[in-house]
Each structure stands twice: as C-alpha cells, then as structure tokens.
Amino acid sequence: MLSRVLFIAVTLTLAAGTARPQATDSLVDRALANPDFTWHSLAEGGVRLYYQPGTFAERHRIMLLRSAQAALDKGLAFLALAPDDHELRVIYVDDRAQMKALIGSPYTGLAEASSHGVFLVCNPEWRSFDTHEIAHILSLTRWGNPGDTSRWMIEGLPNAVDGWCMTADVHRIASYLVTAGRWPGLSAFTANASALGEVPAAVFAASLLRHLRDTYGAAILEEMWRSGLEATLKARKIDPKLVEAEWLGSLSNPRNPLTEAEWKQMDADGCG
Ligand SMILES: [Zn+2]
C-alpha cells in the first residue's frame, strides 16, 4: 500500500554523559519549514490543509478540506471518540517524488501521530486515502500503541474505517479471498497477519473488524486494541469459533463477486 504510520516516540539523546528523553522535530514541522516548498493553508473545523500553489490540490482545496473533515468525523464515529482540541494537519503533495523529498520515503500516505499530521499524495490518478491516514492519528493518539497481540489492527483499523480498497468494499474483497482459499483461520491470522501479504492482511482485518463492530458495538475495538481479540472475546464470554463462523457466513454468496482481474490490480497497486 506504500503508506506508513509513525508511532508516538521520543528519542534518547546523550547530554553531558546522561541519557534523557527529548521530543524529536516532527516530520510535519520540518516539511512545513522546508525551503524548497511553498505552502499555503486553509483551516476550518479542527482541520488545517496545506497545499502548494498551482497544484491539483490547490484547485480542489475546498473539496479536500471538506473530505478531510468528513474523514475525521467518520473516524471519530467509527471508533466512538469525541472530538478534541488538537488541530489535525493534512499536507498534500503532488507525487511520490515530493513525498520522498519531504519525509525520506516515496510513500503515498504517512501518518505522524506525535504531530497530529498526515501527508498524502494527491493527483488525478490517485485516490488519496485521507480517511485511512486520519484513522491512524485517532487510534494512536487516543489509545496509544496497541498491545503485542493487536499489531494486526494498526493497519486493519484504518482500513476498516475507510471500508474500501481501491474501488471495492472490503467485504467483497475478503469474500473473494476466502473463496480463493486465502483465509488462514482466526488464530493464525491474528498471530501473524502480515504473512499473508500487505493487501490481503489489510482487507481481512478491515472486514473482520467491521463485522465485530457491527455485531458487538464500537467499544469492542478499543478493548481489542489494548488486550487482543482472544482476551477480549474471553472476557465477554464469546466463542471465537462462533465469531469466525458468523463473519465467514456473512461473506458467502456476494451479489457482485470480485473478479480475478480486479483482485490482481489491487494486490499490485494497493488500496489507493
Ligand atoms: Zn496505514
């Protein structure tokens, strides 16, 4: 998917022979101070958009601001969170080359939780996943880093909030992958989701998390983030086999099955 998320982190620096924690300069602040870039900004309703003059993003800045606000609202609603006072900063660049110049890697999207900022590639050929990156900011800043057994949720949760990969609903893609024999079973999946590959892992996680939220309510997401799926179901006296069977059952017989050609393109290009 070529999008990444940075955790809340401090680095240790050596000062006068003693190690002490010091906040790093954020990528967002460094990007906005980069002398090779000119930034204009627009803000409303807790979101500040940054874009460069003369770009696609500038021409569509009102639409992009509305989209970011909608993405923030969607994330808050999905995760059952209240708005807070932090201004969300959304930085649009034209392409991966500009992204590399600013953050050091040619990703199409990046969320930096410590600065409440996201970077997004925006051009006519690319679906900027603002919903995904903003969901990273919400989950990491409100709930902290996930427990060891919940690391599959780091990418899974933003994909669940988005609900789409490229032009298909995540349930529709998950259904295709289950039929193709790609589902490894619940415990194998949560133990090592990334073994499936980036897009299958993200799609399965998103579909499963949406099913769990629909079935048991949004509060189960935070519980799982902190304690893991197994411990959460155990505490709620829910049989994991039942959950898995219900979810797989909900995926059977889709009205409009994904085609192999659609899948191949998604697997190669990611969800943007
Ligand atoms: Zn992500």
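Which residues in α6 meet which residues in α9? In this predicted model, Met-153, Glu-155, Gly-156, Leu-157, Asn-159 and Ala-160 are the ones on the α6 side. Their counterparts in α9 are Ala-202, Val-203, Ala-205, Ala-206, Leu-209 and Arg-210. Sorted by character, the residues of this contact come out as 8 nonpolar, 2 polar and 2 charged. Two packed helices are described by the angle between their axes and the distance between the axes. For helix α6 (residues 153-162) and helix α9 (residues 198-216), the angle is about 65° and the axes lie 7 Å apart. The crossing of α6 and α9 is right-handed.

Helix α7 comes next. With 7 of the 10 residues of α7 (residues 170-179) buried, the helix is largely enclosed by the rest of the structure. The buried ones are Val-170, Arg-172, Ile-173, Ala-174, Ser-175, Tyr-176 and Leu-177, so a charged residue, Arg-172, sits in that list along with the others. What do these buried residues pack against? Their partners are the helices α6, α9, α12 (240-251) and α13 (260-269), together with the strands β9 (164-165) and β10 (168-169). After α7 comes Gly-181, which has a positive phi near 80°.

Not every helix residue is covered like this. Ala-188, a residue of helix α8 (residues 186-191), counts as exposed because it has 12 C-beta neighbours inside 10 Å, and 12 or fewer is the cut-off for that label. Ala-188 and Leu-221 are 33 residues apart in sequence, and their C-alpha atoms are 19 Å apart in space.

Now for the strands. Strand β5 (residues 47-51) is mostly covered, with 4 of its 5 residues buried. On one side, β5 pairs with strand β4 (residues 40-44): the two run antiparallel and are joined by 5 bridges. Within this pairing, Leu-42 stands opposite Leu-49 in β5. The hairpin of β4 and β5 has 2 residues between the strands, and Gly-45 takes a positive phi near 55° there. β5 also pairs with strand β6 (residues 88-93), this time in parallel, through 4 bridges. Here Arg-48 has Arg-89 in β6 as its bridge partner.

From β6 the pairing carries on to β8. The two strands run parallel and share 5 bridges, and Tyr-92 is matched with Leu-120 in β8. Is Ile-91, a residue of β6, buried or exposed? Ile-91 is buried, because 27 other C-beta atoms lie within 10 Å and the label needs 20 or more. Setting aside neighbours within four places in sequence, Ile-91 is in contact with Val-28, Ala-31, Tyr-50, Gly-117 and Phe-119. Of these, Tyr-50 falls within the residue range of β5, while Gly-117 and Phe-119 belong to β8. Leu-110 is 19 residues away from Ile-91 along the chain, and 9.8 Å separate their C-alpha atoms.

Strand β8 (residues 117-121) has 5 of its 5 residues buried, so the strand is largely enclosed by the rest of the structure. In a regular strand the side chains alternate between the two faces of the sheet. In β8, Gly-117, Phe-119 and Val-121 are on one side, Val-118 and Leu-120 are on the other, and both faces are covered. Besides β6, β8 pairs with strand β7 (residues 109-112), in the antiparallel sense and over 4 bridges. Leu-120 turns up again here, standing opposite Gly-109. The hairpin of β7 and β8 has 4 residues between the strands, with His-116 taking a positive phi near 50°.

Finally, the overall layout. The protein is divided into domain 1 (3-143) and domain 2 (148-269), and the centres of the two, taken over C-alpha atoms, are 26 Å apart. Their contact takes 13 residues from domain 1 and 12 residues from domain 2. On the domain 1 side, α3 (61-79) and α5 (130-143) are the elements that give two or more residues. Which element gives the largest share of that side? It is α5, with 6 residues. The residues on the side of domain 1 that touches domain 2 divide into 7 nonpolar, 5 polar and 1 charged.

Notes:
Residues are numbered from 1 along each chain as its sequence is written. This is a predicted model: local features need pLDDT of at least 70, side-chain atom pairs count only at pLDDT 80 or more; totals for chains, interfaces and linings use all residues. Two strands pair if DSSP finds at least two bridges between them. Axes are lines fitted to C-alpha atoms, for helices over the stretch in contact, and angles run from 0 to 180 degrees between N-to-C directions. A crossing is left-handed if the near helix is turned anticlockwise from the far one by less than a right angle, and right-handed if clockwise. Two residues are in contact if their C-beta atoms, placed from the backbone, lie within 7 Å. Domain bounds come from an automatic or database domain assignment.
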